[in-house]
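Reader: Please take a close look at the salt bridges and at the packing of the helices that carry them. Relate the pairs to their places in the fold and to their exposure.

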Amino acid sequence: MIEKLQSIIQKYEELRELSVSPEVIWDQKESIRINKEIANMQEKYDLAKEYLACNDNLEEAKEMMNEDDEEIQEMAKEQKKEAESKMQELDEKLKVALLPQDPNDDKNIFLEIRPAAGGEESALFAAELLRMYLAFAQKKWWRNEIVEEQLTDIWWVKFVMVKIFGEKVYSLMKFESGVHRVQRIPDTESQWRVHTSTVTVAIMPEVDDVSIKIDPKDVTLDTYAGSSSGWQNANKNQTWVRLHHKPSGLIVDIWDSKSQIKNKEKAWEVLRSRLYQIELDKQQKEQKELRWDQIGSGDRSEKIRTYNFPQDRITDHRIKKSWSNIPSILSWELDNILETMVVENQTLLLEKIEKNEE
């Protein structure tokens, strides 16, 4: 443990020194990368420094206990007791801080929402989930941008994709992927019967062209003119962009901007993220060794949560925990649910690590 903490301190201090070197200061990309790595190491560094300081106090106390002076021995016993107590507390914090890190945690995300079973009620709930996530993003001071949106005649959701930018967005949102089930009495139900509908949510990390390589020969690009009454430039520019990735069969349509260049850039971003998510899902299914994601995320077919309106209860089926006050949660009070998911995942990961070490 001591050697590991010393190596963390050494690496952190080397990065701090490197971050102020002229070659890094003048290289914006490298400067951003190094400073992000420093920020990610900050908690580990602080805990490591504190732990080693306590260890020094403990060693000093052990030496003092060999003194002939009884008063010094009593002081040493008290110092030893305090040091051991603090080190035990720090040890628990370090276990969490030193857990394997999901390499995607710092990334922005693409959020996809699609109605599934339930017809109009499913489309309505999809719109409610969209409002919930956008309100929560606003609360967290995250930026968002609608990438693709298909609505019904009464503004319910047929399909929507949103890009959300912010600090550690993926780390907090990744466990939202899966099937969200709603149980309630629709406004159109005359017999007051409870209906069950479902909506699928997908959370995909944003990836760059370095993270995943796409052969341009495998992609066909088509452009179309907008045809709806809302397209003011329909007869001027072909702004609708479609990418077809032939090996996977994936098709990406982007038309929200009047700029074909911007739509093309967004389409490539979405395609990269979808292909990356497919590869990530495949790796997680094949991976038998320890991984950072113990709860499970990304599978669109997995029923993860039920929103039971008659009983005012939201239940996450993966961790078997429930919350009340659905109206508040659907407004933007998602913090408790999302933070609970992160803590539960860390707990499962710790348990698996300890089991493997036995």
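Author: The account below goes through the charged pairs, then the helix packing, and ends with some places outside the helices.

The model is a predicted one, in which local features need pLDDT of at least 70 and side-chain atom pairs count only at pLDDT 80 or more, while totals for chains, interfaces and linings use all residues. Residues are numbered from 1 along each chain as its sequence is written, and side-chain values use heavy atoms, with hydrogens and water left out.

Side chains of opposite charge can pair when their charged atoms come close. A salt bridge is taken here as a side-chain nitrogen of Lys or Arg within 4 Å of a carboxyl oxygen of Asp or Glu. Across the whole structure, the search yields 27 salt bridges. One of them joins Arg33 to Glu37, with 3.3 Å from N to O. Both residues belong to helix α3 (residues 28–64), where a spacing of four residues places them about one turn of the helix apart. Helices (H or I, at least four residues) and strands (E, at least two) are DSSP runs, numbered from the N terminus. Accessibility is given in three classes: buried is under 20% relative accessible area, exposed is over 50%, and partly exposed is in between (1.4 Å probe, protein chains only). Arg33 is partly exposed at 42%, and Glu37 is likewise partly exposed, at 21%.

A second pair reaches from one helix to another. Lys86 and Glu50 form a salt bridge whose closest N and O atoms are 3.4 Å apart. Lys86 is in helix α4 (residues 70–97) and Glu50 in helix α3, so this contact ties together parts that are 36 residues apart in sequence. Lys86 has a relative accessible area of 26% and is partly exposed; Glu50, at 33%, also counts as partly exposed.

A third pair connects a strand with a helix. Between Glu145 and Lys266 there is a salt bridge in which the closest N and O atoms are 3.0 Å apart. Because Glu145 lies in strand β2 (residues 143–151) and Lys266 in helix α7, the pair ties together parts that are 121 residues apart in sequence. Glu145 is partly exposed at 28% relative accessibility, whereas Lys266 is buried, with a relative accessible area of 13%. Elsewhere, Lys11, Glu30, Arg33 and Glu37 are joined into one network by salt bridges that share partners.

Two packed helices are described by the angle between their axes and the distance between the axes. Axes are lines fitted to C-alpha atoms, for helices over the stretch in contact, and angles run from 0 to 180 degrees between N-to-C directions. Helix α1 (residues 2–19) packs on α3 at an angle of about 140 degrees, with the axes 8 Å apart. This makes α1 oblique to α3, where angles under 35 degrees count as roughly parallel, over 145 as roughly antiparallel, 65 to 115 as roughly perpendicular and the rest as oblique. The crossing of α1 and α3 is left-handed, a term used if the near helix is turned anticlockwise from the far one by less than a right angle, with right-handed used if clockwise.

Helices α3 and α4, which also hold Glu50 and Lys86, pack at an angle of about 155 degrees with their axes 8 Å apart. The two are therefore roughly antiparallel to each other, and α3 and α4 cross in a left-handed sense. Lys77 is another residue of helix α4 and is partly exposed at 45% relative accessibility. From C-alpha to C-alpha, Lys77 and Lys62 are 8.1 Å apart in space and 15 residues apart in sequence.

Some loop residues complete the picture. Trp255 sits in the loop between β8 (250–254) and α7 (260–286) and is buried at 16% relative accessibility. Its C-alpha is 7.1 Å from that of Glu148, although 107 residues separate Trp255 and Glu148 in sequence. Most residues other than glycine have a negative phi, and most peptide bonds are trans. Asp312, however, has a positive phi, near 45 degrees; Asp312 lies in the loop between β9 (303–308) and β10 (313–316) and is partly exposed at 32%. Asn325 also has a positive phi, near 70 degrees. Asn325 is in the loop between β11 (321–324) and α8 (326–331), and its relative accessible area of 39% makes Asn325 partly exposed.
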